[in-house]
Amino acid sequence: MFPIYDVIVVGAGHAGCEAAAAAANLGSKTLMITMNMQTIAQMSCNPAMGGIAKGQIVREIDALGGFSGIVSDKSMLQFRMLNKSKGPAMWSPRTQNDRHLFAATWREILENTANLDIWQDSVTGLLIENGAIVGVKTNLDIEIKAKSVVLTNGTFLNGVIHIGEKNFGGGRIGENKATGITEQLISLGFESDRLKTGTPPRLDGRSIDYSKMEIQGGDEDVVGFSYLKTDKPTSQRVCHVTYTNDAVHEILKTGFGKSPMFQGRIQGTGPRYCPSIEDKIGRFADRDRHQLFVEPEGWNTNEIYLNGFSTSLPEDVQYKALHLIPGLENVKMFRPGYAIEYDYFPPTQLTYTLETKLIKNLFFAGQINGTTGYEEAACQGLMAGINAHQNVHNKESFTLSRSEAYIGVLIDDLINKGTDEPYRMFTSRAEYRTLLRQDNADLRLTPRSYEIGLASEERMLHVKQKQEKVDEIIRKLKLISFEPDQIKPYFDAIDTTQLAEKVNSLKILLRPQVTLNGMAEYSSELANLINDVPRETIEQVEIYLKYESYIEKEKELVTKAQALEELKIPENFDYESVKSLSSEGKQKFIKIRPTTLGQAGRISGVNPTDIQILMVYMGR
């Protein structure tokens with residue numbers, strides 16, 4: 001019934017979709033197995049993509065030839081570029097999305113992808129021979145053979161849903177949990193643990209009084225995620241902002257005695273940066289209110305997502321508390337919020353390709369590795385799908401360093417430091433964030449993806465044309481200067497110091513308020529140079545010239561750090577023979593098996609002395 005597949009992807013969430021698409025588009029015969037074809041690419045929690053650092057990841061996925069950016073653009077309700085008041089290294093795109101359109105768009109893409117089959121079933125076990133994966137066994141008692149397998153199980157592994165004192169098995173509300181895989185992997189020597197996440201109640205928008213809330217609109221300039229030309233909405237839906245208050249907090253506290261989190265029924269650690277509303281009240285007792293975002297779930301639905309009100313308190317307590325929030329006095333719930341606890345596998349058990357160290361050609365991606373968020377999952381799926389293909393076709397592995405991409409930072413953090421709480425990406429995690437901006441992901445990553453055959457000719461041509469135009473504009477700007485009187489009206493308008501003498505346009509552009517479009521109004525030569533040039537190209541020129549010194553400084557830091565990355569550690573290096581290593585350092589080296597001194601230095605618990613000792617010992 002089934003052929004022998006090159007790649008089987010277990011799960012059809014954000015990680016699974018990207019993994020299956022990548023492997024198939026690279027040429028591998030791929031099978032995606034999902035428990036329910038109606039929930040492919042389900043936005044289980046917030047119907048939004050991107051945000052701080054997450055937006056950079058979505059643009060990187062797009063630059064590599066993934067689909068999360070395209071799907072987000074086609075299903076957006078609203079677009080905002082966050083942190084525009086800060087430097088460009090902090091700018092982060094975000095979309096509010098139509099939940100159903102997002103999933104439908106992904107499914108349409110997958111169903112039209114060559115080399116990709118889809119099978120509705122539940123995987124209950126893995127087929128392993130001689131330390132390598134050879135297929136999977138399903139709930140229908142079918143064995144399907146494959147050369148590699150990517151597990152993207154999300155929150156389904158032994159998932160337990162909690163609402164107050166009630167709890168029941170499930171991977172999402174209304175969907176069954178997955179059993180069998182955790183137990184088998186543990187028997188094979190894998191370490192497993194539990195994590196917890198949560199979601200807020202869904203509200204009936206017809207019962208909300210929006211006049212009592214603040215309006216949060218989208219940007220006039222809808223940039224989107226994809227570097228390809230995608231259809232953008234001609235109008236946007238607004239979101240709203242409201243707040244909790246002391247009365248809300250007091251009602252919520254009445255449910256603490258039945259809270260599964262406070263009463264110890266939930267053993268897994270929850271996300272630090274997305275706490276439940278009851279956790280916020282406990283941790284931030286000095287605050288008399290918490291911000292809530294009232295976000296639509298689609299163009300043609302009244303369902304509303306109450307961002308900031310994640311909870312697992314009893315449903316009656318949730319309902320009473322909601323009615324004390326401005327604008328929600330008469331609100332009706334479609335369903336209550338809940339917490340979900342699930343199995344994950346500490347990611348120190350993986351290599352940079354996301355292949356497991358214990359079982360050859362078995363890959364983990366997404367929440368199974370302890371991450372939280374669609375974007376973090378999707379980028380792992382993309383990388384796992386690429387490397388599963390590369391492995392089975394005996395091609396070189398595809399990895400990204402910390403200086404190349406936020407994706408590289410995320411994977412490096414996971415495999416070297418591990419995580420005992422749901423991992424979320426932030427710009428602060430990246431030491432080279434001036435290089436890893438959302439505007440230049442295509443310049444950084446598309447050429448690399450094109451080399452392995454994933455990024456299309458169209459993408460590569462776009463990158464070449466963009467870079468050539470950037471170089472041309474910079475080159476010609478050196479030949480354009482402004483007289484004091486010529487630029488005076490513009491400087492008056494932006495309230496900046498006037499020129500005392502003729503100055504080159506490059507130097508003028510260094511002023512924070514000055515833009516190329518603004519200068520072009522006072523120079524026909526400059527106007528002709530940038531006429532009909534895409535917005536993103538002009539933005540690229542401005543960012544590079546204004547931040548050139550910072551960019552070059554970071555490049556120097558990368559070059560210095562690269563020296564340690566080039567010092568390879570033999571795969572069978574005997575750490576026990578190096579007596580002067582600290583006991584913790586020795587223990588971590590044996591567990592992680594770093595491939596370079598640079599990686600060794602980033603392992604949690606390893607001190608600089610251990611690295612110096614290794615360097616001296618290897619030098620001998």
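Here are four short exercises with worked solutions on a predicted model of a protein chain.

**Exercise 1. Work out how compact the protein chain is, given its length.**

Let's begin with the inventory: the protein chain contains 21 helices and 22 strands. Its radius of gyration is 26 Å, while the globule rule gives 25 Å for 620 residues; these values are close, so the chain is as compact as a globular protein of that length. For the dimensions, the C-alpha trace spans about 80 × 75 × 55 Å along the principal axes. Next, turn to burial: 57% of the 620 residues are buried. Finally, take the contacts between residues at least 6 apart in sequence; 72% of these join residues at least 24 apart.

**Exercise 2. Classify the crossing of helices H9 and H10, then describe the contact.**

Two packed helices are described by the angle between their axes and the distance between the axes. Here H9 covers residues 374-392 and H10 covers residues 406-417. Their axes come within 10 Å and cross at roughly 90 degrees. The class for 65 to 115 degrees is roughly perpendicular, so H9 is roughly perpendicular to H10. Now look at who touches whom: H9 contributes Glu 376, Cys 379, Gln 380 and Met 383, and H10 contributes Ile 407, Leu 410, Ile 411 and Leu 414. Sorted by character, the contact residues are six nonpolar, one polar and one charged.

**Exercise 3. Do the same for helices H6 and H8.**

H6 runs over residues 246-253 and H8 over residues 315-322. Their axes come within 9 Å, with a crossing angle of roughly 170 degrees. Angles over 145 degrees count as roughly antiparallel, and H6 and H8 are therefore roughly antiparallel to each other. On the H6 side, the contact involves Val 248, Ile 251 and Leu 252; these meet Val 317, Lys 320 and Ala 321 of H8. The tally for this contact is five nonpolar, no polar and one charged.

**Exercise 4. Find the edge strands of the sheet that contains E10 and E19.**

Start by writing down the strand order, which is E11-E10-E19-E12. This is an open sheet of four strands with antiparallel pairing. Strands E11 (166-169) and E12 (193-199) each have a single partner strand, so they stand at the edges, and one side of each is left without a neighbour in the sheet. Neighbouring strands are turned by 25 degrees against each other on average, direction ignored. To zoom in on one pair, E10 (residues 160-163) joins E11 in the antiparallel sense over four bridges. Within E11, Gly 169 is the bridge partner of Val 160.

Notes:
Residues are numbered from 1 along each chain as its sequence is written. This is a predicted model: local features need pLDDT of at least 70, side-chain atom pairs count only at pLDDT 80 or more; totals for chains, interfaces and linings use all residues. Side-chain values use heavy atoms; hydrogens and water are left out. Axes are lines fitted to C-alpha atoms, for helices over the stretch in contact, and angles run from 0 to 180 degrees between N-to-C directions. Helices (H or I, at least four residues) and strands (E, at least two) are DSSP runs, numbered from the N terminus. Angles under 35 degrees count as roughly parallel, over 145 as roughly antiparallel, 65 to 115 as roughly perpendicular and the rest as oblique. Contact means heavy atoms within 4.5 Å. Ala, Val, Leu, Ile, Met, Phe, Trp, Tyr, Cys and Pro count as nonpolar, Asp, Glu, Lys and Arg as charged, and the others, Gly among them, as polar. Two strands pair if DSSP finds at least two bridges between them. The radius of gyration is taken over C-alpha atoms; the globule rule is 2.2 Å times the number of residues to the power 0.38. Buried means under 20% relative accessible area, exposed over 50%, partly exposed in between (1.4 Å probe, protein chains only).
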